[in-house]
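Good morning, everyone. Please have the sequence and the model open in front of you. I will go from one term to the overall fold, and then to single residues.

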Amino acid sequence: MSEPATVSRHPGRLVAWLGFVLALTALNYAGRFATDDTPDDIAYQWTSSIGVVVQFGLMLGVLLLITIGLPKRELFALRRPRSWKRALGLAAASLVAIYLGSLAYTGLLSLLGDFDPTEEQGLVPDEWDSSKAAPFIAFFLAVTLLAPFVEELTYRGLGFSLFAPYGTAVAVVCTGVLFGLTHGLLIGLPVLAFFGIVVGWLRARTDTVYPGMLLHATFNAVALLVSVAA
């Protein structure tokens, strides 16, 4: 695993980032336990797209507040990879690893009972509804463009940079596990944490957030498209 660009320690900013992420985690788990069932038509509601835009807009605002006075391009790892060919190859390999890990975990769950980690979050529709194509497209764009952009800036960008001075492995594992926890899931937590760790590894190998953004966007897009095509 290659070392990321050197970043000075900012313990106060790290504490602020951790407080922000843990607050998101608490809110998402509280919301999860407060509702018995997740509606299966979230992707077809205009309010869902609006909610995604508001949520990630606020998240981006908090990130900018945390980084006031610091070099944002460096902390968010907004730099081109040394080789796009290598970076895209590593991103493709990472995506395959995530899919294989997800399949293995789903297979394990099927042996234990009727558990499907893809249904717990409730973002993936069960079937296509042509009468609600417009809100679905809006939701698709929000989930495949805005969400990966802000989440990667949060975890593999700022979070990784703040943890990196304490060790690359620490940055990969901590941001990966926190990424999984923040989604507020129980059954799906191992898959999301594994996803976060793999994308963190990709961030460490390429020293940029851009390949992770592409991977994340592709993963979300495939999940939505497969759900309505089934």
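One term before we start. A residue is called buried when its relative accessible area is under 20%. Over 50% it is exposed, and in between it is partly exposed. Take A77 as the test case. Its relative accessible area is 0%, so A77 is buried. Please keep in mind that this is a predicted model.

Now the fold. How many helices and how many strands does the protein chain have? There are 9 helices and 0 strands. Read from the N terminus, the order of elements is α-α-α-α-α-α-α-α-α. The radius of gyration is 18 Å, close to the 17 Å from the globule rule for 230 residues, so the chain is as compact as a globular protein of that length. Along the principal axes, the C-alpha atoms fill a box of roughly 50 × 35 × 35 Å.

What about contacts along the chain? Take those with a separation of 6 or more. Of these, 82% join residues 24 or more positions apart. Buried residues account for 44% of the 230 residues.

On to the surface. The protein chain exposes about 11300 Å². Carbon and sulfur atoms supply 70% of that area. Then the charges. There are 14 positive and 16 negative side chains. The centres of these two sets lie 22 Å apart.

Next, the inside. The largest nonpolar core has 53 residues. Which of them touch the most other members? They are W17 and L158. Seven helices each supply at least two residues of this core: α1 (11–34), α2 (46–66), α4 (84–112), α6 (133–163), α7 (168–182), α8 (189–206) and α9 (210–229). The helix that gives the most is α6, with 13 residues.

Stay with L158 for a moment. Leave out residues up to four places away in sequence. L158 then touches W17, L63, I66, T67, L75, F76 and L153. So the two residues I named for the core, W17 and L158, are themselves in contact.

Let's move to A87, in helix α4. Is A87 buried or exposed? Its relative accessibility is 1%, and buried means under 20%, so A87 counts as buried. Which residues does A87 contact, beyond its neighbours within four places in sequence? They are P81, L202, T206 and P211. Look at L202 in that list. A87 and L202 are 115 residues apart in sequence. In space, their C-alpha atoms are 8.2 Å apart.

Now N220, in helix α9. N220 has a relative accessible area of 15%. The cut-off is under 20%, so N220 is buried. Leaving aside neighbours within four places, N220 is in contact with V143, T144 and P148.

Set N220 against A77. They are 143 residues apart in sequence. From C-alpha to C-alpha, they are 22 Å apart in space.

Back to A77, then. Where is A77? It is in the loop between α3 (72–75) and α4. Its phi is near 55°, a positive value in a residue other than glycine.

D207 also has a positive phi. The value for D207 is near 60°, and D207 is not a glycine either. D207 is found in the loop between α8 and α9. With 7% relative accessibility, D207 counts as buried.

One last residue, G113. G113 is in the loop between α4 and α5 (117–120). Its relative accessibility is 26%. That falls between 20% and 50%, so G113 counts as partly exposed. Compare its position with R203. G113 and R203 are 90 residues apart in sequence. Their C-alpha atoms are 35 Å apart in space.

To close, what should you take away? The protein chain has 9 helices and 0 strands. Its largest nonpolar core has 53 residues, and α6 gives the most to that core. A77 is buried, at 0% relative accessible area, and its phi is positive.

Key. Residues are numbered from 1 along each chain as its sequence is written. This is a predicted model: local features need pLDDT of at least 70, side-chain atom pairs count only at pLDDT 80 or more; totals for chains, interfaces and linings use all residues. Side-chain values use heavy atoms; hydrogens and water are left out. A nonpolar core is a set of buried Ala, Val, Leu, Ile, Met, Phe, Trp, Tyr and Cys residues joined through side-chain atoms within 4.5 Å. Buried means under 20% relative accessible area, exposed over 50%, partly exposed in between (1.4 Å probe, protein chains only). Helices (H or I, at least four residues) and strands (E, at least two) are DSSP runs, numbered from the N terminus. Contact means heavy atoms within 4.5 Å. The radius of gyration is taken over C-alpha atoms; the globule rule is 2.2 Å times the number of residues to the power 0.38. Accessible areas come from the Shrake-Rupley method with a 1.4 Å probe; for residues, only the protein chains shown count as cover. Lys and Arg count as positive and Asp and Glu as negative; His and the chain ends are not counted. The place of a charge is taken as NZ of Lys, CZ of Arg, CG of Asp or CD of Glu.
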